[in-house]
Amino acid sequence: MTEIRETEEPVELSVWDLSGRERHKQERRAQVTAWFLKPGERDVIMDVGCGDGFVTSFFLKAGFVVGLEPSYHSLEIAKRKVPKGNVQFICADARFIPLRANSIDKVAILEVLEHLPRASQQMVIEEIDRVLKKGGILVVTVLTRKRLFIPAVSTVES
């Protein structure tokens with residue numbers, strides 16, 4: 001039996017560790033998001049709040065994928081689990097995305113906004129608007145009280 005000391009970090013369950021029904025739900029969520037984004041070989045896709053990279057791994061048919069996440073611990077899992085190649089993980093706050101304006105074709109932000117204060121939500125949306133190309137696609141999901149996610153898909157015209 002392993003002894004847990006108070007100074008040790010708690011072990012968090014990663015989506016990669018799920019099985020059965022819970023794993024299936026996460027796979028379907030990722031598949032639906034990828035279906036909306038339709039990753040193409042010329043696309044640059046950004047996954048805002050990518051966590052451990054599980055959903056990000058469903059976008060690898062794109063030319064290049066950026067996973068943006070403020071948690072260094074989560075990004076370490078993503079770097080281990082997501083196949084190397086056309087993906088880069090960046091440890092950053094989505095209120096200050098360290099990318100050029102109009103540099104991203106498609107963005108996914110899944111179950112992130114509802115965890116932020118209203119002022120931060122506005123800043124994140126403005127940053128996504130700044131980096132997303134004209135005609136780009138944005139997929140946003142938020143959890144409801146019933147723990148359902150509601151997808152919203154938009155094409156940026158301005």
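How exposed is K38: buried, partly exposed or exposed? Partly exposed, since its relative accessibility comes to 47%. Keep in mind that this is a predicted model. Some notes from going through it, with K38 coming back further down.

1. Overall layout. I count along with the assignment here: three helices and six strands. In sequence order the elements run α-β-β-α-β-β-α-β-β. The protein has 158 residues, and 41% of them count as buried.

2. Contacts and surface. Taking the contacts with a separation of 6 or more, 56% join residues 24 or more positions apart. The exposed area is about 9,900 Å², with carbon and sulfur atoms supplying 54% of it.

3. Helix α1, geometry. This helix covers residues 20–37, which makes 18 residues. From first C-alpha to last it reaches 26 Å, close to the 26 Å expected at 1.5 Å a residue. Nothing to query there.

4. Helix α1, its two sides. Which residues of α1 are buried? They are Q26, R29, A30, T33, A34 and L37. Looking down the axis of α1, these buried residues fall within an arc of 130 degrees, so they line one face of the helix. G20, R21 and W35 are exposed on the other side of α1. Note that R29 and Q26 are on the buried list, whereas W35 is on the exposed one.

5. T33 as a spot to look at. T33 sits in helix α1 and is buried, at 2% relative accessibility. Leaving out residues up to four places away in sequence, T33 touches F59, A108, L110 and V139. Of these, A108 and L110 fall in strand β4, which spans 104–110.

6. The end of α1, and K38 again. Just after α1, K38 takes a positive phi of about 45 degrees. Most residues other than glycine have a negative phi, so I would flag this one for a look. K38 belongs to the loop between α1 and β1, the latter being residues 44–48. K38 also lies over the face of W35, 3.8 Å from the ring centre.

7. W35 and F36. W35 is exposed, with a relative accessible area of 55%, while F36 counts as partly exposed at 25% relative accessibility. What kind of aromatic pair do W35 and F36 make? Their ring centres are 5.2 Å apart and their planes stand at 70 degrees, so the pair is edge-to-face. The cut-off behind that label is over 60 degrees between the planes.

8. The other aromatics. The structure holds three aromatic pairs. F54 and F58 form a tilted one, at 5.5 Å centre to centre with 55 degrees between the planes. The two rings sit in unlike surroundings: F54 counts as buried at 3% relative accessibility, whereas F58 is partly exposed, with a relative accessible area of 27%. Together with W16, F54 and F58 form one aromatic cluster.

9. Helix α2. In this helix, residues 72–81, the buried residues are S74, L75, I77 and A78. They are on the same side of α2, because they cover an arc of only 155 degrees around the axis. Y72 and R80 are exposed on the other side. What covers the buried residues of α2? The cover includes strands β2 (64–69) and β3 (87–91).

10. G85, past α2. G85 has its place in the loop between α2 and β3. With 62% relative accessibility, G85 counts as exposed. C-alpha to C-alpha, G85 is 8.6 Å from F64, though the two are 21 residues apart in sequence.

11. N102, a second positive phi. N102 has phi near 55 degrees, a positive value in a residue other than glycine. N102 is found in the loop between β3 and β4 and is partly exposed, at 48% relative accessibility. K38, for its part, is in a loop too, and counts as partly exposed.

Notes:
Residues numbered from 1 in each chain as written. Predicted model: local features only at pLDDT ≥ 70, side-chain atom pairs only at ≥ 80, totals over all residues. Heavy atoms only, no water. Helix = DSSP H or I, 4+ residues; strand = E, 2+ residues; numbered from the N terminus. Buried < 20%, exposed > 50% of the residue type's maximum accessible area, 1.4 Å probe, protein only. Contact = heavy atoms within 4.5 Å. Areas by Shrake-Rupley, 256 points an atom, 1.4 Å probe, with all protein chains shown as cover. Arc of directions from axis to C-beta. Expected span 1.5 Å × (residues − 1). Phe/Tyr/Trp six-rings, centres within 6.5 Å; stacked < 30°, edge-to-face > 60°. Lys NZ or Arg CZ within 6 Å of the ring centre and 35° of its normal.
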